[in-house]
Amino acid sequence: MRRFDLAVIGAGPAGMAAAVEAAHLGLSVLVVDEQPAPGGQVFRAVEAAGGDPALTEEFPEAGGALVRAFRAAEDIAYWPRATLWHVDLAGGVLSVLRDGVSEEVAATRLLLATGAQERPVPVPGWTLPGVMGAGAAQILLKTAGAVPRGPVVIAGQGPLAWLLAVQLLRAGAGPMTLLETGGKGALWDALRAGGLWTGRRLLRKGLSLVREARRHGLRVVRRVRNLQAGGEGRVRRVRWDGGEIACDTLLLHEGVIPSTHIGRALGLEHRWDEAQRCWRPVLDEWGASSHGFVAVAGDGGGIGGWEAAVATGHLAAIDAARRMDRLPAAECARRARPYQTRLASALALRPFLDRLYAPAPEMLVPPDDATIICRCEEVTAGQVRLAARLGATGPNQVKAYLRAGMGPCQGRMCGGTVAAVIAEERGIPIAEAGALRPRAPFKPLTVGELAALPPGDVA
């Protein structure tokens, strides 16, 4: 069995930065990446699509530089198209599926750099063809140059909604409408959070996207409520209180949340983030989790953007070297200082953004009982409400009652909504309803893939 000093899960900004830093510090590094090439979601396919004029300037510049440094670093074993499906915490053994074969490797330290996921937005009609998450549309743009046809509607809120609008408009999409679901007074509440001066660089970047989107003809409708997608066979229109518009493509987006599936399966301590209505792992200033073997870097530890992710990746690698006695404490502090400064700068605007784009309660809890919540098992909001009235106290009980969370996504898409519906029905905070307790395998695998383990590893 091969052994590495540091195993990094994910090759986004945090994972690449951590791998490069750790390699420079003399650690042997394994990077397990589900994608075919490094970059993560932010810099997905940057090596192939870096010259696409539809994408923002930092995509080829910052993303390209990160990937080049990652490719050039020595003593990094990079496994693309590979999936971590189990971790033995006691022995530090990772089970990885690669090229249809499962194999085991050992690591002294594990770094989860799994990034973020889009918050699911279950509204009536969201299962119609032509309705997808904004992140999915961005993946298609980056990997295939695909642009949605006909009238396009982006419904929701958050920085990605504006960024995607600009990218699609540059690529020739349109006409396009943004239906913002933010609540009244969100801006004034956000202004009280402060951080505007310290985070002015990122604020200017955001405002420039807004101005460019409007120059391209983006129509904006604010304070949209009771969103519904309609059509026969595919989406043809979007309705909301007081309005309706025809569309061929509906892109839903209510922000991003940390991807905590593996961390929760490993039993890491998590806390409820009330500002963004999501769970996040409890970490120290180096990204170390509640378990001595595991650290977390990037948006998987809390949403901060790619610049913050890079900084946390470097810090986690420095801490790993210190824990393995490869770096004296004084040198550790010296090397960490510039990354700590960059992290503080990258996060300065977060309190403002978290308040400005706080998800509206009605977007988290579908009011219509017929709305499907769990797409894998086709469980509706009404069924979850009934389960709560019958005694289900949280998503794990609903999973037993209704199979919600037992499909291929293992609750990634439905878990938060199920908890929010239960909380509303029982009159308790969402944090009290709790979260799903996922188990290995973290991603589905076949019996044949499992059987491909070498006999010695099976034993």
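Start at cysteine 374. This residue is buried, at 2% relative accessibility. Keep in mind that the model is a predicted one.

Now add cysteine 414. Buried or exposed? Cysteine 414 counts as buried, with a relative accessibility of 1%. Show both sulfur atoms. The closest cysteine sulfur to that of cysteine 374 belongs to cysteine 414, 4.1 Å away. A disulfide needs the two sulfur atoms within 2.5 Å. The pair is therefore too far apart for a bond. The view from the other side agrees: for cysteine 414, the closest cysteine sulfur is in cysteine 374, at 4.1 Å, too far for a bond. How many disulfides does the count come to by this rule? Zero.

Widen the selection to residues 372-424. UniProt, in an unreviewed entry, places the feature "domain: BFD-like [2Fe-2S]-binding" here. Helix makes up 51% of this stretch and strand 9%. The C-alpha atoms at its two ends lie 17 Å apart.

Inside that stretch, pick helix H13, residues 381-389. Which of its residues are buried? They are Ala381, Gly382, Val384, Arg385, Ala387 and Ala388. Turn the view to see what they pack against: strand S20 (372-374), strand S21 (379-380), helix H14 (395-402) and H15. Just after H13, stop at glycine 391, where phi is positive, at about 125°.

Next, select threonine 417 in helix H15, residues 415-426. Threonine 417 is buried, with 7% relative accessible area. What does it touch beyond its neighbours within four places in sequence? The contacts are Pro122, Leu364, Pro366 and Ile373.

Move to residues 4-313. The unreviewed UniProt entry annotates them as "domain: FAD/NAD(P)-binding". The chain over residues 4-313 is 29% helix and 29% strand. Its end C-alpha atoms are 17 Å apart.

Within this range, show helix H1 (residues 13-24) and helix H3 (residues 58-72). Their axes are 9 Å apart and the helices pack at an angle of about 40°. That angle makes H1 oblique to H3. The crossing of H1 and H3 is left-handed. To see the contact, display Pro13, Met16, Ala19 and Val20 from H1. Then add Leu66, Val67, Ala69 and Phe70 from H3. While the side chains are on screen, recall a general point: an α-helix has 3.6 residues a turn, so residues three or four places apart point the same way.

Now go to a loop. Histidine 291 sits between strand S18 (278-281) and strand S19 (294-296). Histidine 291 is partly exposed, at 29% relative accessibility. Leaving out residues up to four places away in sequence, histidine 291 touches Leu89 and Leu268. Label glycine 267 as well. Glycine 267 and histidine 291 are 24 residues apart along the chain, and their C-alpha atoms are separated by 8.5 Å.

Finish with another helix pair. Select helix H9 (residues 306-323) and helix H10 (residues 329-347). Their axes come within 8 Å and cross at roughly 155°. That makes H9 roughly antiparallel to H10. H9 passes H10 in a left-handed crossing. Which residues of H9 meet H10? Glu307, Ala308, Ala311, Thr312, His314, Leu315, Ile318 and Arg322 do. On the H10 side, the partners are Cys332, Arg335, Ala336, Tyr339, Gln340, Leu343, Ala346 and Leu347.

Methods. Residues numbered from 1 in each chain as written. Predicted model: local features only at pLDDT ≥ 70, side-chain atom pairs only at ≥ 80, totals over all residues. Heavy atoms only, no water. Buried < 20%, exposed > 50% of the residue type's maximum accessible area, 1.4 Å probe, protein only. UniProt positions renumbered as here; feature names shortened; annotations may be inferred. Helix = DSSP H or I, 4+ residues; strand = E, 2+ residues; numbered from the N terminus. Axes fitted to C-alpha atoms, helices over the stretch in contact; angles between N-to-C directions. Parallel < 35°, antiparallel > 145°, perpendicular 65-115°, else oblique. Left-handed = near helix turned anticlockwise from the far one by under 90°. Contact = heavy atoms within 4.5 Å.
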